[in-house]
Amino acid sequence: MRKVLTSDITAKVSELCIEAACHLGADVIDAIKAAAEQEVSPLGKDVLGQLVTNFELANEEHRPMCQDTGITIVYAELGREVELDGSLDEAIHEGVRQGYEEGFLRKSVCDPLTRVNTTDNTPAIIHTTIVDGDSLSLTVATKGAGSENMSGLAMLKPSQGVEGVKDFIIQVVKDAGGNPCPPIVVGVGIGGSFEKSAMLSKKAIMREVGVSNPEPEIAALEAELLQSINDLGIGPMGFGGMITALAVHIEKHPCHIASLPVAVNMQCHADRHKHAVL
Amino acid sequence: MTEQKQIKITPPLSDADVEALNAGDKVLITGVLYTARDSAHKKFIELLDAGKELPFDPKGQLIYYVGPTPTKPGEIIGSAGPTTSGRMDAFTPRILETGLKGTIGKGQRSPEVLESMKEHKAIYLAAVGGAAALIAQSIKKVEIIAYEELGTEAVRRLEVVDFPAIVVNDSKGNDLFADGVAKYKKG
């Protein structure tokens, strides 16, 4: 067994929250720069240019790229040979608490009904899996609500097939229009159960932009959907243009013979997530 | 950057100022903006229902839908980009009746808001969503004028210089979102 200190987990989660909020991954910045080259709408091109300037400014000055520093989603893959000296969940929540305070990040978490703010951005949404090995892998995403609110889930009839799946995904993106801050990354979960499809769609967003699903048929579906979505003409910030999405990421899972769940998790251009291993 | 001219505006805006603006125009705002989002709007409606006045004189003014990040010591404001305007749709027609001349946010408005904007000669402007660090540079002074207990959702009076925005809906019923999408839609 290898010991991992909960104090180290807290410190790492804190650091990852701030890193995610202030420093966008090179994969996303490169995708936006490429989109700016392709975009033909003058206003759309202008918006993409402003986004690049904004990301560079946030990076240089170590400040949040967006005022919505999100609800914090944490994926913890805990090696079965790791021995912890306390609660993993509590160590993560404390990391969020410290990171949002020290990084001057906005505390955006509240009671769903009274709307009273918890004042420290906790609780984080934590997804833990037990894996082989003696290390703890952490992925922290700061998920803004502008895009999250535009997500959708449908329990389709199996007879609707892949065409029904495509139609639903495109309809969700079309209805969202400029709200989710396009250019977006569209995370899709197909199959599983009601909650599994949603989990898959979130996981799909964590994938590096520009990397296709390893299954050729799914990769082809991703490419086809990306084209169909960009043909909608929504464009950067919804002002009209060729680039509405930077990528479509699909994850799939076997489902019940009577079900065809499809979840679409929308991600704005500030596709913020950071990873570390302890 | 495109060659399109940027129009400078300073609130309070008159009917004539608003009528001169067209969907698709790029504007630079210098002067005062008031911030309000979900919770503050709810309180505004409660005030109006009680026959009371808003915490600021809305005549000719613009409301910016924003909830900034906390301000670092020695700085003016944190990151301060627009939030989704649609969440304020239920409140906006009522607020426009007070003489407010426009709103700034991101995303589309409801048919009721668009109709109300025509009736009251108001505009809807979009700032670039997510460009929060960049937009913050145009904010020169910040003062909380109401509901401090709401934290990021408190009502702030901002003094801005060359705050960049784009006219999405003008007072004549034109809509940049509809026109833009129609222009670039394929198939």
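**Entry 1. Chain A against chain B**

I began with the interface of chain A and chain B, where the rule finds two salt bridges. The model is a predicted one, and I kept that in mind for every entry below.

I looked up one bridge between the chains: the side chain of Lys26(B) meets that of Asp46(A), with N to O at 2.5 Å. I then counted residue pairs in polar contact between chain A and chain B and got 17, both residues of each pair being at pLDDT 80 or more.

Next I asked which elements of chain A supply at least two residues each to the side that touches chain B. Helix H3 (42-61) and H6 of chain A do so. H3(A) provides the largest share of that side, eleven residues. I sorted the side of chain A that touches chain B by class and noted 19 nonpolar, 16 polar and seven charged residues.

**Entry 2. Size of the chain interface**

The size of an interface is often given as the accessible area lost when the parts come together. For chain A and chain B I noted about 3,400 Å² buried between them. Carbon and sulfur atoms carry 60% of that area.

I wanted to know which residues of chain A lose the most area to chain B. They are Gln67(A), Phe104(A) and Phe239(A), and together they make up 20% of what the chain A side buries. Counted by residues in contact, chain A gives 42 and chain B gives 42.

**Entry 3. The two domains of chain A**

I turned to the domain assignment of chain A. Domain 1 covers 2-20 + 65-143, and domain 2 covers 146-272. Taken over C-alpha atoms, the centres of the two domains of chain A are 26 Å apart. The contact involves 14 residues of domain 1 of chain A and 13 residues of domain 2 of chain A.

I recorded about 1,000 Å² buried between domain 1 and domain 2 of chain A, with 57% of it on carbon and sulfur atoms.

How many salt bridges are counted between domain 1 of chain A and domain 2 of chain A? The count is two. I also looked up the bridge that joins the side chains of Glu148(A) and Lys143(A), at 3.0 Å from N to O. Polar contacts across the interface of these domains come to five residue pairs, both residues at pLDDT 80 or more.

On the side of domain 1 of chain A that touches domain 2, strand S2 (71-79) and strand S5 (136-143) of chain A are the elements that give two or more residues. S5(A) gives the most, with five residues. By class, I noted seven nonpolar, four polar and three charged residues on that side of domain 1 of chain A.

**Entry 4. Salt bridges in the whole structure**

I searched the whole structure and found 29 salt bridges over all chains. I followed some of them up.

In chain A, Asp132(A) pairs with Arg80(A), the closest N and O atoms being 2.8 Å apart. Asp132(A) lies in the loop between strand S4 (125-131) and S5 of chain A, and Arg80(A) in the loop between S2 and strand S3 (82-84) of chain A, so the pair ties together parts 52 residues apart in sequence. I checked the accessibility of both partners. Asp132(A) is exposed, at 59% relative accessible area, and Arg80(A) counts as exposed at 53%.

The next pair was Lys166(A) and Glu224(A), whose side chains meet in a salt bridge at 2.8 Å, N to O. This pair also links distant parts of the chain: Lys166(A) sits in helix H6 (residues 161-176) of chain A and Glu224(A) in helix H8 (residues 216-230) of chain A, 58 residues apart.

Is Lys166(A) buried or exposed? Lys166(A) has 11% relative accessibility and counts as buried. Its partner Glu224(A) is partly exposed, with a relative accessible area of 36%.

In chain B I looked at Arg37(B) and Asp38(B), a salt bridge whose closest N and O atoms are 3.7 Å apart. Arg37(B) is buried, at 10% relative accessible area. Asp38(B) counts as partly exposed, at 23% relative accessibility.

Last, I noted a network of salt bridges in chain A that links Glu90(A), Glu94(A), Arg97(A) and Asp120(A).

Key. Residues numbered from 1 in each chain as written. Chains lettered and ligands numbered in written order. Predicted model: local features only at pLDDT ≥ 70, side-chain atom pairs only at ≥ 80, totals over all residues. Heavy atoms only, no water. Domains from an automatic or database assignment. Contact = heavy atoms within 4.5 Å. Buried area = accessible area lost by both parts, 1.4 Å probe. Salt bridge = Lys/Arg side-chain N within 4 Å of Asp/Glu carboxyl O. Polar contact = N/O pair within 3.5 Å; in protein donor to acceptor, adjacent residues only side chain to side chain. Helix = DSSP H or I, 4+ residues; strand = E, 2+ residues; numbered from the N terminus. Nonpolar A, V, L, I, M, F, W, Y, C, P; charged D, E, K, R; others polar. Buried < 20%, exposed > 50% of the residue type's maximum accessible area, 1.4 Å probe, protein only.
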